[in-house]
Amino acid sequence: MSATPTVSGSDAPRARKDAVRNRAILLETADRLIAIRGLDVTFHQLAAAAGMGVGTVYRHFADKEALLGALIEQRFDTARDIMLAAEQVADPIEALRAAIVRTCEYHFSDRALWQAMMSAAKRNQELARERLLPVITRIVARARASGRLRDDFTATDFPMIFLLTGNLGYPVDIRPDLWRRYVESIIDGFMLQDSDRVGTAAPAAPTEDEVERILSCIE
(Lines give C-alpha, C1' and ligand atoms only; values in the text may rest on other atoms or scores of the structure.)
Protein backbone atom coordinates (compact mmCIF):
# COMPACT_ATOMS: atom_id res chain seq x y z
CA MET A 1 0.00 0.00 0.00
CA SER A 2 1.42 3.45 -0.91
CA ALA A 3 2.70 5.76 1.80
CA THR A 4 0.90 8.91 2.79
CA PRO A 5 2.15 11.79 0.61
CA THR A 6 4.33 14.47 2.21
CA VAL A 7 2.69 17.88 2.57
CA SER A 8 4.30 21.29 2.97
CA GLY A 9 3.96 23.26 6.19
CA SER A 10 1.35 25.60 4.72
CA ASP A 11 -0.79 22.69 3.49
CA ALA A 12 -0.52 20.62 6.68
CA PRO A 13 -3.59 22.10 8.49
CA ARG A 14 -5.78 21.48 5.43
CA ALA A 15 -4.41 17.93 5.09
CA ARG A 16 -5.22 17.23 8.74
CA LYS A 17 -8.71 18.65 8.28
CA ASP A 18 -9.26 16.47 5.21
CA ALA A 19 -7.99 13.42 7.08
CA VAL A 20 -10.40 14.04 9.95
CA ARG A 21 -13.28 14.52 7.51
CA ASN A 22 -12.40 11.37 5.57
CA ARG A 23 -12.18 9.30 8.73
CA ALA A 24 -15.59 10.57 9.86
CA ILE A 25 -17.10 9.73 6.45
CA LEU A 26 -15.57 6.26 6.51
CA LEU A 27 -16.87 5.54 10.02
CA GLU A 28 -20.35 6.80 9.15
CA THR A 29 -20.39 4.75 5.94
CA ALA A 30 -19.07 1.62 7.68
CA ASP A 31 -21.69 2.04 10.39
CA ARG A 32 -24.45 2.13 7.77
CA LEU A 33 -23.09 -0.77 5.71
CA ILE A 34 -22.56 -3.05 8.70
CA ALA A 35 -26.07 -2.34 9.95
CA ILE A 36 -27.40 -3.49 6.55
CA ARG A 37 -24.96 -6.23 5.50
CA GLY A 38 -23.37 -7.41 8.73
CA LEU A 39 -19.71 -7.77 9.65
CA ASP A 40 -18.62 -9.21 6.29
CA VAL A 41 -18.33 -5.79 4.62
CA THR A 42 -14.98 -5.51 2.81
CA PHE A 43 -12.69 -2.48 2.55
CA HIS A 44 -13.35 -2.35 -1.20
CA GLN A 45 -17.11 -2.16 -0.55
CA LEU A 46 -16.53 0.51 2.11
CA ALA A 47 -14.32 2.57 -0.21
CA ALA A 48 -16.86 2.39 -3.04
CA ALA A 49 -19.76 3.39 -0.79
CA ALA A 50 -17.77 6.29 0.69
CA GLY A 51 -16.60 7.50 -2.73
CA MET A 52 -12.91 7.06 -1.86
CA GLY A 53 -10.04 4.87 -2.95
CA VAL A 54 -9.32 1.71 -0.98
CA GLY A 55 -5.88 3.15 -0.17
CA THR A 56 -7.59 5.93 1.81
CA VAL A 57 -9.41 3.30 3.88
CA TYR A 58 -6.13 1.54 4.68
CA ARG A 59 -4.45 4.81 5.64
CA HIS A 60 -7.05 5.23 8.38
CA PHE A 61 -7.57 1.60 9.40
CA ALA A 62 -4.89 -1.07 9.13
CA ASP A 63 -7.44 -3.89 9.00
CA LYS A 64 -11.05 -4.83 9.76
CA GLU A 65 -10.27 -5.21 13.46
CA ALA A 66 -9.04 -1.60 13.64
CA LEU A 67 -12.19 -0.38 11.88
CA LEU A 68 -14.49 -2.33 14.21
CA GLY A 69 -12.48 -1.10 17.18
CA ALA A 70 -13.09 2.52 16.16
CA LEU A 71 -16.82 1.87 15.65
CA ILE A 72 -17.10 0.10 19.01
CA GLU A 73 -15.36 3.02 20.70
CA GLN A 74 -18.01 5.30 19.21
CA ARG A 75 -20.66 2.94 20.60
CA PHE A 76 -19.28 3.34 24.09
CA ASP A 77 -19.32 7.12 23.71
CA THR A 78 -22.97 7.00 22.63
CA ALA A 79 -23.86 4.60 25.46
CA ARG A 80 -22.25 7.01 27.91
CA ASP A 81 -24.30 9.90 26.49
CA ILE A 82 -27.47 7.80 26.87
CA MET A 83 -26.67 7.08 30.50
CA LEU A 84 -25.73 10.68 31.24
CA ALA A 85 -29.14 11.72 29.86
CA ALA A 86 -30.85 9.05 31.99
CA GLU A 87 -29.01 10.33 35.04
CA GLN A 88 -30.83 13.64 34.63
CA VAL A 89 -34.24 11.97 35.13
CA ALA A 90 -35.60 13.34 38.41
CA ASP A 91 -36.98 10.11 39.85
CA PRO A 92 -34.04 7.82 40.82
CA ILE A 93 -35.84 4.57 39.93
CA GLU A 94 -37.00 5.92 36.56
CA ALA A 95 -33.43 7.09 35.96
CA LEU A 96 -32.16 3.55 36.60
CA ARG A 97 -34.79 2.01 34.34
CA ALA A 98 -34.11 4.59 31.61
CA ALA A 99 -30.37 3.90 31.71
CA ILE A 100 -30.89 0.17 31.20
CA VAL A 101 -33.80 0.24 28.75
CA ARG A 102 -32.48 3.05 26.54
CA THR A 103 -29.06 1.39 26.33
CA CYS A 104 -30.75 -1.87 25.29
CA GLU A 105 -32.77 0.01 22.67
CA TYR A 106 -29.54 1.38 21.26
CA HIS A 107 -27.79 -1.99 21.26
CA PHE A 108 -30.67 -3.80 19.60
CA SER A 109 -30.92 -1.15 16.87
CA ASP A 110 -27.56 -2.38 15.51
CA ARG A 111 -27.26 -6.15 15.94
CA ALA A 112 -24.02 -6.58 13.99
CA LEU A 113 -21.94 -4.21 16.08
CA TRP A 114 -23.55 -5.49 19.28
CA GLN A 115 -22.33 -8.94 18.22
CA ALA A 116 -18.84 -7.52 17.61
CA MET A 117 -18.81 -5.87 21.03
CA MET A 118 -19.80 -9.12 22.73
CA SER A 119 -17.25 -11.18 20.78
CA ALA A 120 -14.50 -8.89 22.08
CA ALA A 121 -16.03 -8.32 25.51
CA LYS A 122 -12.82 -8.92 27.46
CA ARG A 123 -10.88 -6.45 25.29
CA ASN A 124 -13.64 -3.86 25.76
CA GLN A 125 -13.72 -4.09 29.54
CA GLU A 126 -11.33 -1.17 29.96
CA LEU A 127 -13.47 1.05 27.71
CA ALA A 128 -16.54 0.10 29.74
CA ARG A 129 -14.82 0.88 33.02
CA GLU A 130 -13.53 4.21 31.78
CA ARG A 131 -16.62 5.53 30.00
CA LEU A 132 -19.61 3.81 31.57
CA LEU A 133 -18.80 2.68 35.10
CA PRO A 134 -18.66 6.15 36.75
CA VAL A 135 -22.13 7.20 35.58
CA ILE A 136 -23.63 3.73 36.21
CA THR A 137 -22.25 3.81 39.75
CA ARG A 138 -23.88 7.19 40.41
CA ILE A 139 -27.24 6.08 38.99
CA VAL A 140 -27.27 2.91 41.09
CA ALA A 141 -26.20 4.75 44.26
CA ARG A 142 -29.05 7.26 43.89
CA ALA A 143 -31.61 4.51 43.25
CA ARG A 144 -30.47 2.52 46.28
CA ALA A 145 -30.50 5.64 48.45
CA SER A 146 -34.20 6.06 47.61
CA GLY A 147 -35.00 2.90 49.59
CA ARG A 148 -36.99 1.53 46.64
CA LEU A 149 -34.25 -0.67 45.13
CA ARG A 150 -32.79 -3.81 46.65
CA ASP A 151 -29.50 -3.15 48.41
CA ASP A 152 -27.78 -5.96 46.54
CA PHE A 153 -28.25 -4.33 43.12
CA THR A 154 -24.85 -3.03 41.97
CA ALA A 155 -23.23 -1.48 38.90
CA THR A 156 -22.06 -4.95 37.83
CA ASP A 157 -25.69 -5.96 37.27
CA PHE A 158 -25.83 -3.67 34.22
CA PRO A 159 -23.52 -5.74 31.95
CA MET A 160 -25.13 -8.96 33.17
CA ILE A 161 -28.58 -7.73 32.11
CA PHE A 162 -27.18 -6.82 28.69
CA LEU A 163 -25.47 -10.20 28.32
CA LEU A 164 -28.48 -12.23 29.47
CA THR A 165 -30.81 -10.59 26.97
CA GLY A 166 -28.34 -10.00 24.12
CA ASN A 167 -29.29 -13.04 22.04
CA LEU A 168 -32.84 -11.72 21.67
CA GLY A 169 -31.47 -9.08 19.31
CA TYR A 170 -30.11 -11.52 16.71
CA PRO A 171 -33.17 -13.09 15.00
CA VAL A 172 -34.76 -10.65 12.56
CA ASP A 173 -38.06 -12.53 12.37
CA ILE A 174 -39.23 -12.21 15.97
CA ARG A 175 -41.00 -9.27 17.58
CA PRO A 176 -38.41 -6.48 17.82
CA ASP A 177 -39.51 -5.55 21.34
CA LEU A 178 -39.53 -9.08 22.83
CA TRP A 179 -36.34 -8.31 24.74
CA ARG A 180 -38.30 -5.76 26.78
CA ARG A 181 -40.26 -8.58 28.48
CA TYR A 182 -37.08 -9.93 30.05
CA VAL A 183 -35.24 -6.68 30.68
CA GLU A 184 -38.29 -5.22 32.43
CA SER A 185 -38.83 -8.46 34.40
CA ILE A 186 -35.24 -8.42 35.63
CA ILE A 187 -35.53 -4.78 36.67
CA ASP A 188 -38.89 -5.45 38.37
CA GLY A 189 -37.28 -8.22 40.41
CA PHE A 190 -35.01 -5.69 42.11
CA MET A 191 -37.81 -3.25 42.96
CA LEU A 192 -39.10 -3.09 46.54
CA GLN A 193 -42.39 -1.33 45.76
CA ASP A 194 -45.16 -2.60 43.48
CA SER A 195 -45.67 0.91 42.12
CA ASP A 196 -42.16 0.79 40.59
CA ARG A 197 -42.80 -2.46 38.69
CA VAL A 198 -43.89 -2.59 35.04
CA GLY A 199 -45.48 -6.03 35.45
CA THR A 200 -48.00 -7.03 32.78
CA ALA A 201 -47.26 -3.87 30.76
CA ALA A 202 -44.23 -5.74 29.35
CA PRO A 203 -44.59 -7.58 25.99
CA ALA A 204 -46.30 -10.99 25.95
CA ALA A 205 -44.38 -14.28 26.10
CA PRO A 206 -42.75 -15.59 22.92
CA THR A 207 -44.59 -17.97 20.64
CA GLU A 208 -43.21 -21.46 20.00
CA ASP A 209 -42.03 -20.30 16.57
CA GLU A 210 -40.16 -17.39 18.10
CA VAL A 211 -38.46 -19.69 20.61
CA GLU A 212 -37.30 -21.96 17.77
CA ARG A 213 -35.90 -19.00 15.82
CA ILE A 214 -34.05 -17.70 18.87
CA LEU A 215 -32.58 -21.12 19.66
CA SER A 216 -31.46 -21.56 16.04
CA CYS A 217 -29.29 -18.43 16.41
CA ILE A 218 -27.39 -19.70 19.46
CA GLU A 219 -26.83 -23.35 18.52
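The largest cavity in this predicted model holds about 40 Å³ of space. It belongs to a set of 2 cavities of 30 Å³ or more in the structure. Its lining consists of Ala-30, Ile-34, Val-41, Thr-42, Phe-43, Leu-46, Lys-64 and Leu-67. Three helices each give two or more residues to this lining: α1 (12-37), α2 (43-50) and α4 (64-87). By class, the lining counts 6 nonpolar residues, 1 polar residue and 1 charged residue. The polar one is Thr-42 and the charged one is Lys-64.

The fold around this cavity is helical. The protein has 11 helices and 0 strands. Read along the sequence, the pattern is therefore α-α-α-α-α-α-α-α-α-α-α. Of the 219 residues in the protein, 40% are buried. Contacts often span long stretches of sequence. Among those between residues at least 6 apart, 71% join residues at least 24 apart. The exposed surface comes to about 12,100 Å². Carbon and sulfur atoms supply 53% of that area.

Two helices show how burial is arranged. In α9 (157-165), the buried residues are Asp-157, Phe-158, Ile-161, Phe-162 and Thr-165. Seen down the helix axis, these residues fall within an arc of 140°, so they line one face of α9. Helix α10 spans residues 179-189. Its buried residues are Trp-179, Val-183, Glu-184, Ile-187 and Asp-188. They cover an arc of only 155° around the axis, which puts them on the same side of α10. The cover over these α10 residues includes α9 and also α5 (92-108). Charged residues appear in both buried sets: Asp-157 in α9, and Glu-184 and Asp-188 in α10.

A further buried acidic residue is found in α11. This helix covers residues 208-218 and contains Glu-210. The relative accessible area of Glu-210 is 5%. That value is under the 20% cut-off, so Glu-210 counts as buried. Beyond residues up to four places away in sequence, Glu-210 touches Ile-174, Arg-175 and Leu-178. Asp-173 lies 37 residues from Glu-210 along the chain. The C-alpha atoms of Asp-173 and Glu-210 are separated by 7.8 Å.

How values were computed. Residues are numbered from 1 along each chain as its sequence is written. This is a predicted model: local features need pLDDT of at least 70, side-chain atom pairs count only at pLDDT 80 or more; totals for chains, interfaces and linings use all residues. Side-chain values use heavy atoms; hydrogens and water are left out. Helices (H or I, at least four residues) and strands (E, at least two) are DSSP runs, numbered from the N terminus. Buried means under 20% relative accessible area, exposed over 50%, partly exposed in between (1.4 Å probe, protein chains only). Contact means heavy atoms within 4.5 Å. Accessible areas come from the Shrake-Rupley method with a 1.4 Å probe; for residues, only the protein chains shown count as cover. The arc is that of the directions from the helix axis to the C-beta atoms. On a 1 Å grid over the protein atoms alone, a cavity is a set of points where a 1.4 Å probe fits but cannot get out, and a pocket is an open set with protein on both sides within 12 Å along at least five of seven lines; lining residues have an atom within 4 Å of a point. Grid points are joined across faces, edges and corners, and a volume is the space filled by probe spheres set on the points.
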